Amino acid sequence: MGSADHAHMARALELARRGLYTASPNPRVGCVIVRDGAVVGEGWHERTGEPHAEVHALAQAGARAAGATAYVTLEPCNHHGRTPPCVDSLIAARVARVVAAMKDPNPQVAGGGLERLQAAGIAVESGVLGHEAYELNIGFVSRMTRGRPWARLKVAASLDGRTALADGASRWITGEPARRDGHRWRARACAVLTGIGTVREDDPQLSVRLVESPRQPLKVVVDRDLAVPLEARVLEGGALVACAREHPDKMRRLAERGAEVLVLPDAQGKVDLMALMRELARRGMNEVHVEAGARLNGALVHEGCIDEVLFYFAPHLLGDGARGMFDLPPLAALAERRELQLVDVRQVGDDLRIVGRLREAVA
């Protein structure tokens, strides 16, 4: 692999990121077609149901695609979905070489696209900037390989790990730059999840407002007893409410407000959180962004539903009387602690942002 391969794949990844907020449930994919060292076509996948990145790039390249190299951030598809297989288009265009950043985790593809291209006499390679491609589509990979979304929990706290005063007051712990950054993470998610406690105390909208976004994520509320107020702002524009038992009258009134209710009880009479995650995956949700209180945060971590934590730490102290970040069962020994792998640490405005992944999510 030469430096030119890396440079062209870097450009393909840059194009793929243009679909950050719109490509779901499909993966974010970019394509660059190069002939004789010159870029002759570019494209990215914008929305589900619309042409894939390769098709856009080939259309721009036209006859110049013959004998060219196509750089694609994900293995070209080899199956009929809403659009025809991209391998057919690449073969018909008579490209000479296809370089993929990573293989497609979709079991319908799973190496079949590259094999088909190779069988047609096209040189194929994969693995160029594969880590970057994986990170861009970490939710899609999770849904394809684990049957659940990549769940990212966001928490804003003081340096001593406190999220609110004892009476629940928490606006605003972090500064405007950190809040805006948090909305960027909201915007890239397919769903934003919270609990009934947060709805009652803060009446959040859970919408993307501080940054521009072409669409709003699905709002999801975990509400065991279906106690969500009908006038709650989270219901505006529709929401999905997960409860633990049937409440026919309240369910009817919520439906009139545009909300859908899922009844997902576990053995303890609470909402089955992992079942909820799997249902969200079944609905095509690649990434779930969690903004909740300590109780739900702890339950989600304890049940193995969280993959990544997005910490925003403000440079002040609130003391032991203030509320914490995670309500978890007490540990009998330090060996039982949950470890995180730090993947990014940076300052955002006056605050510190740390992205940490649960070890089991990166094992």
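Leu226 is found in the loop that joins strand 8 (218–222) to strand 9 (239–243), where helices (H or I, at least four residues) and strands (E, at least two) are DSSP runs numbered from the N terminus. The phi of Leu226 is near 55°, a positive value in a residue other than glycine, and Leu226 is buried, with a relative accessible area of 4%; buried means under 20% relative accessible area, exposed over 50%, and partly exposed in between, with a 1.4 Å probe and protein chains only.

The model is predicted, so that local features need pLDDT of at least 70 and side-chain atom pairs count only at pLDDT 80 or more, while totals for chains, interfaces and linings use all residues. Residues are numbered from 1 along each chain as its sequence is written, and side-chain values use heavy atoms, with hydrogens and water left out.

**Backbone and loops**

Arg94, which lies in the loop between helix 3 and strand 4, has a positive phi of about 60° although it is not a glycine, and Arg94 is exposed, with a relative accessible area of 59%. Just after helix 4, Gly121 takes a positive phi of about 90°. The peptide bond from Ser24 to Pro25 is cis, with omega near 10°, and Pro25 belongs to the loop between helix 1 and strand 1 (30–35).

The table sets out three loop residues with their accessibility.

| Residue | Loop | Relative accessible area |
|---|---|---|
| Ala68 | between helix 2 (53–61) and strand 3 (69–72) | 0%, buried |
| Arg94 | between helix 3 and strand 4 | 59%, exposed |
| Asn137 | between helix 5 and helix 6 (138–146) | 4%, buried |

Contact here means heavy atoms within 4.5 Å. Leaving aside neighbours within four places in sequence, Ala68 is in contact with Ile33, Val34, Arg35, Val95, Ala96 and Arg97. The C-alpha atoms of Ala68 and Arg35 are separated by 4.4 Å, although these residues stand 33 residues apart along the chain. With neighbours within four places in sequence again left aside, Asn137 is in contact with Pro27 and Arg28.

**Nonpolar cores**

In soluble globular proteins, nonpolar side chains tend to be buried together. A nonpolar core is taken as a set of buried Ala, Val, Leu, Ile, Met, Phe, Trp, Tyr and Cys residues joined through side-chain atoms within 4.5 Å. The largest such core has 45 residues, and those with the most contacts inside it are Met9, Ile33, Leu58, Leu90, Val95, Val98 and Leu117. Helix 1 (residues 3–16) gives the most to this core, with five residues. A second, separate core has 33 residues, and Ala157, Val271, Met285 and Ile306 are among them.

Two parts of the chain can be followed further. Apart from neighbours within four places in sequence, Met9 is in contact with Tyr71, Val72, Thr73, Val99, Ala100, Ala101, Val128 and Leu129. In helix 4 (residues 112–119), Gly112, Gly113, Leu114 and Leu117 are buried, and what covers the buried residues of helix 4 includes helix 3 (86–92), strand 4 (97–100) and strand 5 (123–126).

**Aromatic rings and charges**

A search of the whole structure finds one aromatic pair. The rings of Phe311 and Phe313 have their centres 5.5 Å apart and their planes at 10°, so the pair is stacked; rings of Phe, Tyr and Trp (its six-membered ring) pair if their centres lie within 6.5 Å, and planes under 30 degrees apart count as stacked, over 60 as edge-to-face and the rest as tilted. Phe311 is buried at a relative accessible area of 11%, and Phe313 counts as buried at 14%.

The charged end of Arg18 sits over the ring of Trp44, 4.7 Å from its centre, and Arg179 lies over the face of Trp172, at 4.4 Å from the ring centre. A charge sits over a ring if NZ of Lys or CZ of Arg is within 6 Å of the ring centre and within 35 degrees of the ring normal.

**The second largest pocket**

On a 1 Å grid over the protein atoms alone, a pocket is an open set of points where a 1.4 Å probe fits, with protein on both sides within 12 Å along at least five of seven lines, and lining residues have an atom within 4 Å of a point. About 660 Å³ of space lies in the second largest pocket, the volume being the space filled by probe spheres set on the points. Of the 26 residues that line this pocket, the closest to its centre are Glu135, Arg152, Trp185, Arg188 and Arg357. Helix 5 gives the most to the lining, with five residues.
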